[in-house]
Amino acid sequence: MAVPMDGIRAIHNAFRKDLAAMDAAAYTATRMGSSPDMVLKRYKFFNEILVWHASGEEEQVFPAVEKVAPLVAEAYERDHRGLDSTYAALDKAVMSKDKLDIARAIAIFNFHLQFHLNKEEAHLYRVFNERIPLPEQGMIIGKMAQKIPQQRFPEVVAWLYPLIGNDDRENMTRIWQQALPKPVFAGAANLIHSAIGDDWNELTRRIPEIK
Ligand SMILES: [Fe+2]
């Protein structure tokens with residue numbers, strides 16, 4: 001059974017993979033003199049999703065954790081402000097069009113993000129998972145997901161699914177299947193299908209009823 005925390009991990013894994021790929025692309029562009037296109041095309045959208053995710057955590061997850069484990073969440077909120085400033089530094093570097101500045105800014109952003117997500121999973125979300133009853137966890141994560149403006153949902157699916165592996169895809173799909181009204185879920189399933197192409201066969205092998 002997929003638990004709400006599995007959905008968080010799937011999104012975290014997508015963040016990890018996307019930013020690491022942008023970091024590698026920026027490094028190669030600086031070393032080899034190629035274009036840092038991948039970074040330039042993706043970093044703004046990446047940060048939009050990151051901000052929806054982080055503000056959802058701050059509004060929903062952190063206050064819930066504060067009740068069961070006081071003084072834990074504040075450090076994570078400070079990490080989020082750190083992410084804001086590393087993003088601002090990257091944006092400034094992109095505006096300057098200097099490849100070395102871009103590569104340096106993205107390396108810092110990437111390091112801070114990976115470290116932050118690892119810490120959240122090892123500490124904050126373990127507290128969340130162990131001390132908050134499962135139905136309440138589901139409600140919290142459901143409200144968090146509402147931070148994504150509805151009309152942007154297709155873009156988020158098209159970003160998320162290609163970045164994550166089969167286990168994360170299965171968990172995320174099962175969570176939506178439980179949380180969304182049937183017709184809305186049917187629409188989501190169509191979006192997932194177009195996002196992953198032939199990998200759809202593996203997903204329907206795991207969750208036959210979504211066909
Ligand atoms: Fe976070």
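Met22 is buried, with 23 other C-beta atoms within 10 Å. The model is predicted. Met22 sits in helix α1. Setting aside residues up to four places away in sequence, Met22 touches Met38, Val39, Arg42, Tyr43 and Ile106. Met22 is also 9.1 Å from Ala107, C-alpha to C-alpha, although 85 residues separate the two in sequence. The burial of Met22 follows from its neighbour count, because 20 or more other C-beta atoms within 10 Å make a residue buried, and Met22 has 23.

Ala26 was examined next. With residues up to four places away in sequence again left out, Ala26 touches Pro36, Val39, Ile102, Ala103 and Ile106. Val39 and Ile106 are thus among the contacts of Ala26, and they are also among those of Met22. The largest nonpolar core has 48 residues. Within this core, Ala26 and Ile106 touch the most other members. Eight helices each supply at least two residues of the core: α1 (4–32), α2 (37–68), α3 (73–96), α4 (99–131), α5 (134–145), α6 (153–163), α7 (166–179) and α8 (182–196). The core draws on both domains, with at least three residues from each of domain 1 (1–148) and domain 2 (149–211).

The relation between the domains was then considered. The domain assignment of the protein gives domain 1 (1–148) and domain 2 (149–211). Their C-alpha centres lie 21 Å apart. Domain 1 brings 15 residues to the contact, and domain 2 brings 14 residues. On the side of domain 1 that touches domain 2, the elements giving two or more residues are α1 and α2. Helix α1 gives the most to that side, with 10 residues.

One helix pair was examined in detail. Two packed helices are described by the angle between their axes and the distance between the axes. The axes of α1 and α7 come within 9 Å. They cross at roughly 130°. The two helices are therefore oblique to each other. Their crossing is left-handed. From α1, the contact is made by Pro4, Asp6, Gly7, Arg9, Ala10 and Asn13. From α7, the contributors are Asp168, Asn171, Met172 and Ile175.

Helix α1 recurs throughout. It holds Met22, supplies at least two residues of the core, gives the most to the side of domain 1 that touches domain 2, and crosses α7 at roughly 130°.

Note on methods:
Residues are numbered from 1 along each chain as its sequence is written. This is a predicted model: local features need pLDDT of at least 70, side-chain atom pairs count only at pLDDT 80 or more; totals for chains, interfaces and linings use all residues. A nonpolar core is a set of buried Ala, Val, Leu, Ile, Met, Phe, Trp, Tyr and Cys residues joined through C-beta atoms within 7 Å. A residue is buried if 20 or more other C-beta atoms lie within 10 Å of its own, exposed if 12 or fewer, and partly exposed in between; C-beta atoms are placed from the backbone. Helices (H or I, at least four residues) and strands (E, at least two) are DSSP runs, numbered from the N terminus. Domain bounds come from an automatic or database domain assignment. Two residues are in contact if their C-beta atoms, placed from the backbone, lie within 7 Å. Axes are lines fitted to C-alpha atoms, for helices over the stretch in contact, and angles run from 0 to 180 degrees between N-to-C directions. Angles under 35 degrees count as roughly parallel, over 145 as roughly antiparallel, 65 to 115 as roughly perpendicular and the rest as oblique. A crossing is left-handed if the near helix is turned anticlockwise from the far one by less than a right angle, and right-handed if clockwise.
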